[in-house]
Amino acid sequence: MTNTAPSTADAHSAPGAGDFAARAHQIAKVYGSGDAQVIALDSVTVGIPRGRFTAIMGPSGSGKSTLMHCMAGLDSVDSGQVFIGDTDLTRLRDKQLTRLRRDKIGFIFQAFNLVPTLTALENITLPMDIAGRKPDQQWLDAVIDTVGLRPRLKHRPSELSGGQQQRVACARALASRPEIIFADEPTGNLDSRSGAEVLGFLRDSVRKMGQTIVMVTHDPNAAAYADQVLFLTDGQIVDTMADPTAERVLERMKGFDQPGVKA
Ligand SMILES: Nc1ncnc2c1ncn2[C@@H]1O[C@H](COP(=O)(O)OP(=O)(O)OP(=O)(O)O)[C@@H](O)[C@H]1O
Ligand SMILES: [Mg+2]
């Protein structure tokens, strides 16, 4: 497959480029102080290409969740800038940030975070209901059919399998057609078959619907569904891989298990 999308490295030279759904420019995030200080993100510059599926991998504690949370406006950065489209999140007031998150960003977490008293369909449309927006019925139908949940729409989460619940969470993230979806280990709680179901669906939503997705994962098999992988160690992006396979990702990850080996 030829890679026509901008490479992640372009973000360094072209911070104003429009082909990225999200960008981080020299972002830093430090937790604690003194001996307890942890540099979670160490001047990260990265662009997430629009309409592509990007995986983020790296050892535990390397800053993956921090990077996602900062890029998604769920956490603030100490320095640097974060853009969703052309909007600089670091310049927004709380209210504007909340609105941008609601309108432009979708989230999928490891714990599905569904509302137990609502049906699958009610869960899918909940963010739009809260925002007082009417779902685009045609789009909603397409999303529901893509996730294969039509026969399950009236069921509550407790009546659904783990994979089905996560597909509801995926549909909820997609329903409002966000600029970008951030997923933090979306298959972490699923068996391999349900995981494959969810990953196949995420990939389809990129290929067929043009969605942009960023996914943190520990699993080389999951990363192989993505178009590219970013590798993070010690709060820095140390490598990228286009068109990953599970074998190549696994091989690359082995290098990170040895202390002192960075890239
Ligand atoms: N709220 C916090 N307070 C203090 N330190 C934190 C906080 N959140 C994260 N850290 C530290 O920042 C570093 C990066 O954490 P982060 O959660 O981003 O890692 P991760 O790559 O997502 O790890 P994992 O694969 O285990 O989920 C870690 O050393 C972590 O201990
Ligand atoms: Mg994490």
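**Exercise 1. Decide whether Thr146 is buried, partly exposed or exposed, and find its contacts.**

Solution. Start with accessibility: Thr146 has a relative accessibility of 30%, so this residue counts as partly exposed. The classes are buried (under 20% relative accessible area), exposed (over 50%) and partly exposed in between, with a 1.4 Å probe and protein chains only. Next, locate Thr146: it sits in helix 5. Helices here are DSSP runs of H or I with at least four residues, strands are runs of E with at least two, and both are numbered from the N terminus. Then look for contacts, meaning heavy atoms within 4.5 Å. Setting aside neighbours within four places in sequence, Thr146 meets Phe201, Asp204 and Met209. Finally, Thr146 and Lys208 are 62 residues apart along the chain, yet their C-alpha atoms are separated by 9.5 Å.

A word on the model: it is predicted, so local features need pLDDT of at least 70 and side-chain atom pairs count only at pLDDT 80 or more, while totals for chains, interfaces and linings use all residues. Residues are numbered from 1 along each chain as its sequence is written, chains are lettered from A and ligands numbered from 1 in the order in which they are written, and side-chain values use heavy atoms, leaving out hydrogens and water.

**Exercise 2. Check the span of helix 7, then describe its surroundings and ends.**

Solution. First, the span: the expected value is 1.5 Å times one less than the number of residues. Helix 7 (residues 192-209) has 18 residues and should span 26 Å; its end C-alpha atoms are 25 Å apart, which agrees. Second, the buried side: among the buried residues of helix 7 are Val198, Leu199, Phe201, Leu202 and Met209. Their cover includes strand 3 (53-57), helix 5 (137-147) and helix 6 (162-175). Third, the ends: Asp191 caps the N-terminal end, with a side-chain oxygen 3.0 Å from the backbone nitrogen of Arg193. Such a polar contact is a pair of N or O atoms within 3.5 Å; within protein, one must be able to donate a hydrogen and the other to accept it, and residues adjacent in sequence count only if both atoms are side-chain atoms. Just after helix 7, Gly210 has a positive phi of about 75°.

**Exercise 3. Work out how enclosed helix 6 is.**

Solution. Count the buried residues: 13 of the 14 residues of helix 6 are buried, so this helix is largely enclosed by the rest of the structure. Now compare lengths: helix 6 reaches 20 Å from its first C-alpha to its last, close to the 20 Å expected. Just after helix 6, Arg177 takes a positive phi of about 50°.

**Exercise 4. Compare the settings of Glu185 and Asp234.**

Solution. Begin with the general rule: most residues other than glycine have a negative phi. Glu185 has a positive phi of about 45° although it is not a glycine, and Asp234 also has a positive phi of about 45°. Then place them: Glu185 is in the loop between strand 7 (180-184) and helix 7, whereas Asp234 is in the loop between strand 9 (228-233) and strand 10 (236-242). Last, check accessibility: Glu185, at 17%, is buried, while Asp234, at 52%, is exposed.
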